[in-house]
Amino acid sequence: MNNSDRGKILKRSLGALFRQGQNIENCSLKHLKISGAQARYMDVIHDSPGISQDAVARLFKVDKGAVARAVKKLETAGYIERRRKEGDSRAWQLFMTERGEEIHKMMRTGEMEFESRLLAGFSEEEIDTLCMMLDRIADNIAAMHSDAHGDCERRCRK
């Protein structure tokens with residue numbers, strides 16, 4: 001197999017995995033009236049109580065407006081609450097509500113079932129190797145993104 005074929009297979013496979021995974025995730029969360037992105041934000045808020053919206057945006061490398069919209073929906077649903085940060089009235093901290101904790105527990109159960117089915121037939125060693133390889137791919141993509149962003153910035157200044 002040549003490099004061009006590998007590149008096509010990687011892009012097609014990673015894209016299909018991502019889209020199909022998102023579809024399954026969104027379908028399984030539909031009854032909770034939240035999206036996959038909102039569920040990921042809830043995970044982070046659960047694991048890091050008091051995190052700022054800006055920190056969530058940086059963590060997921062998404063625009064602050066997208067996080068603000070998702071946070072507003074989660075807050076309206078009663079899953080999270082925003083509180084002003086002590087000493088900085090401009091900054092908001094995010095916390096799970098009791099209802100949010102219940103929903104999060106249900107989400108975790110669904111995630112464990114998904115992961116179990118996704119990795120059925122793989123040994124623990126194979127799963128560890130796969131995770132390590134995917135992590136390296138993610139690092140490579142992050143470096144490529146950084147390089148591309150720098151190139152774009154330089155072209156825009158000309």
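Helices (H or I, at least four residues) and strands (E, at least two) are DSSP runs here, numbered from the N terminus. With that settled, welcome to the tour.

The model is a predicted one, in which local features need pLDDT of at least 70 and side-chain atom pairs count only at pLDDT 80 or more, while totals for chains, interfaces and linings use all residues. Residues are numbered from 1 along each chain as its sequence is written, and side-chain values use heavy atoms, with hydrogens and water left out.

**The surface patch**

Helices α1 (3-29) and α6 (124-157) each supply at least two residues of a nonpolar patch. Its members are L10, L14, L17, L130, L134, I137, I141 and M144, and together they make about 690 Å² of nonpolar surface. Patches are made of residues with over 30% relative accessible area and no salt bridge; like charges are joined within 9 Å, and nonpolar side chains (Val, Leu, Ile, Met, Phe, Trp, Tyr) within 5 Å. Accessible areas come from the Shrake-Rupley method with a 1.4 Å probe, and for residues only the protein chains shown count as cover. Helix α6 gives the most to the patch, with five residues. I137 is found in this helix, α6.

**The nonpolar core**

A nonpolar core is a set of buried Ala, Val, Leu, Ile, Met, Phe, Trp, Tyr and Cys residues joined through side-chain atoms within 4.5 Å. Buried means under 20% relative accessible area, exposed over 50%, and partly exposed in between (1.4 Å probe, protein chains only). Which residues of the largest nonpolar core touch the most other members? They are I34, M42, Y79, I80 and M107, out of 22 residues in this core. At least two core residues come from each of α2 (36-47), α3 (53-60), α4 (64-76), β3 (88-96) and α5 (98-118). The largest share, five residues, is from α2.

M107 deserves a closer look. Leaving aside residues up to four places away in sequence, M107 touches L29, L32, I34, A39, M42 and D43, where contact means heavy atoms within 4.5 Å.

**The sheet**

Three strands form an open sheet in the order β1-β3-β2, with antiparallel pairing. Because β1 (51-52) and β2 (80-85) stand at the edges with a single partner strand each, one side of each is left without a neighbour in the sheet. Two strands pair if DSSP finds at least two bridges between them; β1 and β3 pair in the antiparallel sense over two bridges. I51 stands opposite L94 in β3.

**Salt bridges**

The structure holds seven salt bridges, each a side-chain nitrogen of Lys or Arg within 4 Å of a carboxyl oxygen of Asp or Glu. Three of the pairs are listed here.

| Acid | Base | N to O distance |
|---|---|---|
| D54 | K64 | 4.0 Å |
| E75 | R82 | 3.3 Å |
| E81 | R83 | 2.5 Å |

K64 lies in helix α4 and D54 in helix α3, so their salt bridge ties together parts that are ten residues apart in sequence. K64 is exposed at 54% relative accessible area, whereas D54 is partly exposed at 33%. For the pair of E75 and R82, E75 is partly exposed at 25% and R82 is partly exposed at 28%. E81 also counts as partly exposed, with 29% relative accessibility, and R83 counts as partly exposed with 38%.

Finally, D43, D47, R108 and E111 are linked in a network of salt bridges. D43 is also among the residues that M107 touches.
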